[in-house]
Amino acid sequence: MAAEELITYRRCIGQQLEELELLSSIYCAPGELQMLDAGVVADFSEFLAADEGRPAADLLSHLEYVVKLSLPAQQSVEVRVELPHLYPLLEWARVSVHTPLLGKSREQRLKSDLEQFQSERRQEDAEPYIFQLLSWLQEHIEDLLQRPASEFVVQPAEPQDPPQNHKTPSHLERMWIYSHHIKSTAKRQELVRQARQLQLTGFSRPGKPGIICVEGESENVQEFWRTIKALRWQKISVVRTEPRQRKRGFEDFSEQLFNAEEGVMNMGQFIRFLESHGFGYMKSELFGLA
């Protein structure tokens with residue numbers, strides 16, 4: 001593992017343990033905070049204490065705990081928190097609320113609002129935010145329970161009304177990006193996370209060289225480029241932009257390895273991959289091949 005990547009893991013793990021200590025001092029009543037696997041804390045502490053740091057691959061488990069939030073009338077909800085190893089710098093916490101109090105309609109609204117809360121926090125900074133999230137959840141759930149369920153019922157669209165009949169048509173854009181190399185696990189995960197968050201399709205090819213293709217709404221493609229180029233790269237550039245596309249060439253966004261050996265691209269397999277999706281012309285743009 002590269003030194004830069006190891007530093008990122010150690011910083012994230014350290015922040016997770018500091019945040020857990022803070023939460024334990026706040027939710028300290030019996031049963032308020034329960035660890036699902038207490039051994040993870042000891043494992044994380046050993047990881048941070050080891051000389052030069054243990055490989056992050058040794059971290060097999062994630063930090064998981066359940067916090068019980070008190071509500072009026074002696075009611076409560078349980079919030080389950082699972083922290084990926086690269087939270088809070090590069091990954092979101094996985095948070096779920098378990099309660100029979102909300103009902104289906106309020107539960108759907110809460111899930112949507114929770115995703116929005118995390119998205120806004122992620123854009124602001126890369127600091128731990130579980131305490132802020134729990135405080136927000138407690139207030140937000142109380143508010144949801146006080147409002148009638150009818151507020152949250154989504155009315156089905158009338159079938160005779162054509163979708164987007166009066167909307168300005170949006171345009172798809174495809175962008176091809178060339179990097180000297182893509183090896184960092186953190187960067188590879190961030191590429192996938194950003195693409196899926198922005199509802200982009202395409203692929204990333206880690207190794208040397210690194211190739212990225214994203215397609216989707218023009219503003220989302222440009223946002224993806226602004227975000228990833230801000231990461232530390234030896235060399236990265238846009239090879240080609242294809243605006244005003246009529247359809248996508250990929251169904252989702254995924255990482256493609258092409259049976260690479262020691263990070264070197266299997267050129268034949270990659271060219272066949274491009275041709276199978278109708279992008280054979282990019283072999284000249286990317287590699288100068290006829």
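How many bridges join β3 to strand β4, and in which sense do the two run? Five bridges join them, and they run antiparallel. β4 covers residues 94–98. Keep in mind that this is a predicted model.

Let me give you the whole chain first. The protein chain has eight helices and nine strands. It holds 290 residues, and 42% of them count as buried. Now take the contacts with a separation of 6 or more. Residues 24 or more positions apart account for 69% of those.

Back to β3. This strand, residues 75–83, also pairs with β2, residues 63–71. That pairing is antiparallel too, over nine bridges. So β3 has partners in β2 and in β4. Look at V81 in β3. Y65 stands opposite V81. In β4, the bridge partner of V81 is V95.

Next, the turn. Three residues lie between the strands in the hairpin of β2 and β3. A73, in this hairpin, has a positive phi near 60 degrees. Q74 sits in the loop between β2 and β3. Q74 also has a positive phi, near 60 degrees, and is not a glycine. Remember the background: most residues other than glycine have a negative phi, and most peptide bonds are trans. Is Q74 buried or exposed? Q74 is exposed, because its relative accessible area of 83% is over the 50% cut-off.

Q199 is another case. It is in the loop between α5 and β6. Its phi is about 60 degrees, again positive and again not in a glycine. Q199 counts as exposed, at 63% relative accessibility.

Now the cis bonds. The peptide bond from Y87 to P88 is cis, with omega near 5 degrees. P88 lies in the loop between β3 and β4. A cis bond also joins K208 and P209, with omega about -5 degrees. P209 is in the loop between β6, residues 201–205, and β7, residues 210–217.

On to the inside. Which residues touch the most other members of the largest nonpolar core? They are Y65, I130 and L137, in a core of 41 residues. At least two residues each come from α1, α2, β2, β3, β4, α3 and α4. The largest share is seven residues, from α1. We have met Y65 already, opposite V81. Beyond its neighbours within four places in sequence, Y65 is in contact with residues including E19, L20, L23, V79, V81 and I130. There is also a second, separate core of 17 residues. Among them are M175, I182, V221 and I228.

Last, the pockets. The largest pocket holds about 860 Å³ of space. It is lined by 30 residues, and L90, K187, E190, L231 and R232 are the closest to its centre. α1, α3, α5 and α6 each give two or more residues to this lining. α5 gives the largest share, seven residues. By type, the lining divides into eleven nonpolar, nine polar and ten charged residues.

The second largest pocket has about 380 Å³. Its lining has 15 residues, with V95, L110, K111, L114 and E115 nearest the centre. Two or more residues come from each of β4 and α3. α3 gives the most, with eight. The split here is six nonpolar, five polar and four charged.

One residue to take away is V95. It is the β4 bridge partner of V81, and it lies among the residues nearest the centre of the second largest pocket.

Notes:
Residues are numbered from 1 along each chain as its sequence is written. This is a predicted model: local features need pLDDT of at least 70, side-chain atom pairs count only at pLDDT 80 or more; totals for chains, interfaces and linings use all residues. Side-chain values use heavy atoms; hydrogens and water are left out. Two strands pair if DSSP finds at least two bridges between them. Helices (H or I, at least four residues) and strands (E, at least two) are DSSP runs, numbered from the N terminus. On a 1 Å grid over the protein atoms alone, a cavity is a set of points where a 1.4 Å probe fits but cannot get out, and a pocket is an open set with protein on both sides within 12 Å along at least five of seven lines; lining residues have an atom within 4 Å of a point. Grid points are joined across faces, edges and corners, and a volume is the space filled by probe spheres set on the points. Ala, Val, Leu, Ile, Met, Phe, Trp, Tyr, Cys and Pro count as nonpolar, Asp, Glu, Lys and Arg as charged, and the others, Gly among them, as polar. A nonpolar core is a set of buried Ala, Val, Leu, Ile, Met, Phe, Trp, Tyr and Cys residues joined through side-chain atoms within 4.5 Å. Buried means under 20% relative accessible area, exposed over 50%, partly exposed in between (1.4 Å probe, protein chains only). Contact means heavy atoms within 4.5 Å.
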